[in-house]
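Subject: Structure handover and notes

Dear colleague,

Please find the structure below, together with its sequence. My notes on what was found follow directly after it.

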Amino acid sequence: DVELKSGWWQKLPKLLDSAPKAWDLLKVCGLEGGGNEVYSYGHRRPADRTKNGKWSLMSSPFAEKTDDGQFRYFYAGACGYIVSGRSAKRVLKHVMVYQRIK
């Protein structure tokens with residue numbers, strides 16, 4: 001489940017203005033900002049951050065083994081997505097192919 005903070009829709013226009021140009025899909029969770037902090041379930045790489053520092057362009061590998069033999073996961077979890085109108089058909093087609101809906 002996801003809990004939306006009161007007034008979230010008032011922040012949406014500014015959030016979308018800061019998004020990378022020509023975006024198709026925005027993952028909107030764990031947007032506390034700054035560095036390689038926990039991002040939803042997992043981490044994000046500083047090298048993946050956009051120029052304005054407000055977004056990360058998710059790149060693989062999405063898991064890596066740490067020195068102590070554990071795994072560090074990047075960009076995991078799913079709490080919310082915004083799909084652009086121009087990309088909705090393509091994104092839905094992808095979901096229907098790769099996510100079996102029962």
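To begin with the charged side chains, the count of salt bridges comes to four, and I should say at once that the model is a predicted one. One of these bridges joins the side chains of R86 and D24, at 4.0 Å from N to O. Because R86 lies in the loop between β4 and α2 (88-98) while D24 lies in the loop between α1 and β1, this pair ties together parts that are 62 residues apart in sequence. With a relative accessible area of 57%, R86 is exposed, whereas D24 is partly exposed, its relative accessible area being 27%.

Another salt bridge is formed by E64 and R72, whose closest N and O atoms are 3.0 Å apart. Both partners fall in the intermediate class, since E64 is partly exposed with a relative accessible area of 29% and R72 counts as partly exposed at 30% relative accessibility. Salt bridges that share partners also join D24, R86 and R90 into one network.

The side chains of R45 and D48 meet in a salt bridge as well, with 3.2 Å from N to O. Here R45 counts as buried at 14% relative accessibility, and D48 is likewise buried, with a relative accessible area of 10%; the cut-off behind both statements is a relative accessible area under 20%. The charged end of R45 also sits over the ring of F74, at 3.8 Å from the ring centre, so that R45 takes part in a salt bridge with D48 and in a contact of charge and ring with F74.

Turning to the chain as a whole, the secondary structure comes to two helices and four strands, and from the N terminus on the elements run α-β-β-β-β-α. The protein chain has 102 residues, of which 25% count as buried. Among the contacts with a separation of 6 or more, 54% are accounted for by residues 24 or more positions apart. The accessible surface of the chain comes to about 8100 Å², and 56% of this belongs to carbon and sulfur atoms.

One pair that is separated in sequence is A76 and H43, which are 33 residues apart along the chain but 7.8 Å apart in space, C-alpha to C-alpha. A76 lies in the loop between β3 (71-73) and β4 (81-83) and is buried, with a relative accessible area of 17%.

The aromatic side chains give three pairs. Among them, W8 and W9 form an edge-to-face pair, 6.3 Å centre to centre with 85° between the planes. W8 lies in helix α1 (residues 8-17) and is partly exposed, with a relative accessible area of 41%. Together with L4, these two tryptophans form a nonpolar patch on the surface, with about 370 Å² of accessible area between the three residues.

Two points of backbone geometry may be of interest when you go through the model. The peptide bond from S60 to P61 is cis, with omega near 5°, and P61 lies in the loop between β1 (25-27) and β2 (63-65). A22, although it is not a glycine, has a positive phi of about 60°; A22 is placed in the loop between α1 and β1 and counts as exposed at 64% relative accessibility.

With best regards

Technical notes
Residues are numbered from 1 along each chain as its sequence is written. This is a predicted model: local features need pLDDT of at least 70, side-chain atom pairs count only at pLDDT 80 or more; totals for chains, interfaces and linings use all residues. Side-chain values use heavy atoms; hydrogens and water are left out. Patches are made of residues with over 30% relative accessible area and no salt bridge: like charges are joined within 9 Å, nonpolar side chains (Val, Leu, Ile, Met, Phe, Trp, Tyr) within 5 Å. Accessible areas come from the Shrake-Rupley method with a 1.4 Å probe; for residues, only the protein chains shown count as cover. Buried means under 20% relative accessible area, exposed over 50%, partly exposed in between (1.4 Å probe, protein chains only). Contact means heavy atoms within 4.5 Å. Rings of Phe, Tyr and Trp (its six-membered ring) pair if their centres lie within 6.5 Å; planes under 30 degrees apart count as stacked, over 60 as edge-to-face and the rest as tilted. A charge sits over a ring if NZ of Lys or CZ of Arg is within 6 Å of the ring centre and within 35 degrees of the ring normal.
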